[in-house]
Amino acid sequence: MNPLWIGLFLYLGVMLSVGIAASRYMRSLDDFVLGGRRLGPWVAAISERASGESSWFLLGLPGAAYGLGFTEYWSVIGIGFGILVSWTFIAIPLRRESARLGALTLPDYFELRFNDRTRLLRLVSMVVILVFYTFYVAAQLHGAGKILKGTFGFEHTTGILIGAAVVVLYTLLGGFLAVAWTDLIQGLMMTAVAVVLPIVGIAYIGGFDVFVERLSAQGPGYLEMSGGKVGAAVMFGVAVGGLSWGFGYLGQPHLLTRYMAIRKTSELRQGGLIAMGWTLLSYWGAPLIGLVGLALLGPDLADPEQVMPLVATTLLPGWLAGMMIAGATAAMMSTADSQLIVATSTLVEDIYVRLFRPKTTPSRLVMLSRLATIAVAAVALTLALTAGEDQSGGLIYKTVAYAWSGLGASFGPALLLGLWWRRTTFQGALAGMVCGMAATIVWKNSAALSAVLDMKAAAFLISLSAVIAVSLVTRPSDDPAGTGV
Amino acid sequence: MPRWTILWVVGSWIVLAVLTLLAYRFNRDRGHD
């Protein structure tokens, strides 16, 4: 038996066991969607980090660094700040307010915070979540396809189908608790990969100096933060494009639910410290995996996003490479499962329960949630399968950028200002969501606009301006919910 | 290795670590249920 399989099978077996164990604790919709708000700080924090970092972290980002060099560290710096701002300014007020208002989901929170009787905030939130998460989950399934193809030579579609089957199975079994607990294991595995692989790689190459020499031989731009680009305006564009990844953290429902699910508000302070510790420990290494790949394998990989599995199999004995590749699978699964839960909660809690107010039993809602999970996964699977194989070599990176920008720009400004600025109005929040979503879609389809300003930055700033401007010209509601300040 | 690259990457990590500790202090009195 191929020793690579042992590591991978071991990992998949553990994930399914956790799903089965967690299923015993699940009796209501609250349990399925938020784990009954009983996560401790370690599980909440590492789970938030593991869900926040998807296939993008161990496939997309190393792939981009492989192609561009150290300039990809702009993204890493932006991400560090995004995570810090989110844990510092959103986590605590959101947990407190959502519990006080009885909000299970982000659309719930918006509706209750702005006392929205028109249901428009809920409807727009639902559209944003369902549209962008379908792309996001599809990107994760592509991740599974790439990992299994790069490692075992599977057909791309077979890899996608296997990845989808395992994620859906344990999400169905255990709901939010299974997802949060598997995230903890997956988050720790991701750190191990991001720390071990670059260190082993640089040692294997012959030390840091030889590593730098080899990169320099590929072209001087690989070692520069400017990416070898000349001119202040161009460099500004490179820096903003990278740093603007940070904006997205403020509006990702699958991360925000981690704040809402923690046992006590006070534990979020500790959670923030743990999450930032994870970030500082793990994030420096992910782009280095791509750079080690460039120094080790040369610049001619057909698909740069397969650089991480290739580096692992080149450097490590089979069983250990299998564990590392399981780490990349972990990155993909920990995100896809959390997103399936959010999309499920949108369909069941936000649409069915809140809009139709059915007379039904908790166990029936859990069953409906499971059906909704299958439905969302089926749509994402169709999207992934019809997209075909990656022609450009940056499919995960680009698809995630699109979904990330859409969610961050639609929800981030409305949420941040809703929590901290009493003057934010229902109309302002609605304008911010619509403008954030529209700007992302317009920017995505316009090369000319993207050349002026990066999509992630542009969409966020447009949405932020819309919330402020519209709030200032409209009258605040009677504001029964108040703000989190 | 260009000095600016090292300075940016290492410097930003130090800044982030310091800000993390400041954030922990900032939320000292805010985290009560």
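Which residues is A:Phe411 in contact with, leaving aside its neighbours within four places in sequence? Exercise 1 answers this. The model is predicted: local features need pLDDT (the predictor's confidence in each residue, from 0 to 100) of at least 70, side-chain atom pairs count only at pLDDT 80 or more, and totals for chains, interfaces and linings use all residues. Residues are numbered from 1 along each chain as its sequence is written, while chains are lettered from A and ligands numbered from 1 in the order in which they are written.

**Exercise 1. Describe the surroundings of A:Phe411.**

Step 1. Place the residue. A:Phe411 sits in helix α18 of chain A. Helices (H or I, at least four residues) and strands (E, at least two) are DSSP runs, numbered from the N terminus.

Step 2. Count neighbours. A:Phe411 has 31 C-beta neighbours inside 10 Å, so it counts as buried. The cut-offs are these: buried means 20 or more other C-beta atoms within 10 Å, exposed means 12 or fewer, and partly exposed lies in between, with C-beta atoms placed from the backbone.

Step 3. List contacts. Two residues are in contact if their C-beta atoms, placed from the backbone, lie within 7 Å. Beyond the neighbours within four places in sequence, A:Phe411 touches A:Leu106, A:Gly251, A:Pro253 and A:Met433.

Step 4. Check a distance. A:Leu430 is 19 residues from A:Phe411 along the chain, and their C-alpha atoms are 9.7 Å apart.

**Exercise 2. Decide how enclosed α7(A) is.**

Step 1. Count. Of the 8 residues of α7(A), 7 are buried, so the helix is largely enclosed by the rest of the structure.

Step 2. Name them. The buried residues are A:Leu106, A:Pro107, A:Asp108, A:Tyr109, A:Phe110, A:Glu111 and A:Arg113.

Step 3. Find their partners. They pack against α6, α8, α12, α16 (318-356), α18 (395-420) and α19 (426-444) of chain A.

**Exercise 3. Work out how α7(A) packs on α8(A).**

Step 1. Read the geometry. Helix α7 (residues 106-113) and helix α8 (residues 120-152) of chain A pack at about 155 degrees, with axes 8 Å apart. Axes are lines fitted to C-alpha atoms, for helices over the stretch in contact, and angles run from 0 to 180 degrees between N-to-C directions.

Step 2. Classify the angle. α7(A) is therefore roughly antiparallel to α8(A). Angles under 35 degrees count as roughly parallel, over 145 as roughly antiparallel, 65 to 115 as roughly perpendicular and the rest as oblique.

Step 3. Give the hand. α7(A) and α8(A) make a right-handed crossing. A crossing is right-handed if the near helix is turned clockwise from the far one by less than a right angle, and left-handed if anticlockwise.

Step 4. List the residues. A:Leu106, A:Pro107, A:Phe110 and A:Glu111 of α7(A) meet A:Leu121, A:Arg122, A:Ser125 and A:Met126 of α8(A). By class, this contact has 5 nonpolar, 1 polar and 2 charged residues. Ala, Val, Leu, Ile, Met, Phe, Trp, Tyr, Cys and Pro count as nonpolar, Asp, Glu, Lys and Arg as charged, and the others, Gly among them, as polar.

**Exercise 4. Examine two residues in the loop between α7 and α8 of chain A.**

Step 1. Take A:Asn115. Its phi is positive, about 50 degrees, although A:Asn115 is not a glycine. With 13 C-beta neighbours inside 10 Å, A:Asn115 is partly exposed.

Step 2. Take A:Arg119. Its phi is near 75 degrees, a positive value in a residue other than glycine. A:Arg119 has 13 other C-beta atoms within 10 Å, so it is partly exposed.

**Exercise 5. Work out how α6(A) meets α12(A).**

Step 1. Read the geometry. The axes of α6 (residues 91-101) and α12 (residues 253-260) of chain A come within 8 Å and cross at roughly 70 degrees.

Step 2. Classify. α6(A) and α12(A) are therefore roughly perpendicular, and their crossing is right-handed.

Step 3. List the residues. A:Ala91, A:Leu94, A:Arg95 and A:Ser98 of α6(A) meet A:Leu256, A:Tyr259 and A:Met260 of α12(A).

**Exercise 6. Describe chain B and its contact with chain A.**

Step 1. Look at chain B. Chain B has 1 helix and 0 strands. Of its 33 residues, 6% count as buried.

Step 2. Count the contact. 21 residues of chain A touch 20 residues of chain B. On the side of chain A, α13(A) gives the largest share, 6 residues.

Step 3. Check confidence. Chain B averages a pLDDT of 86. The predictor gives the complex an ipTM of 0.93 and a pTM of 0.90.
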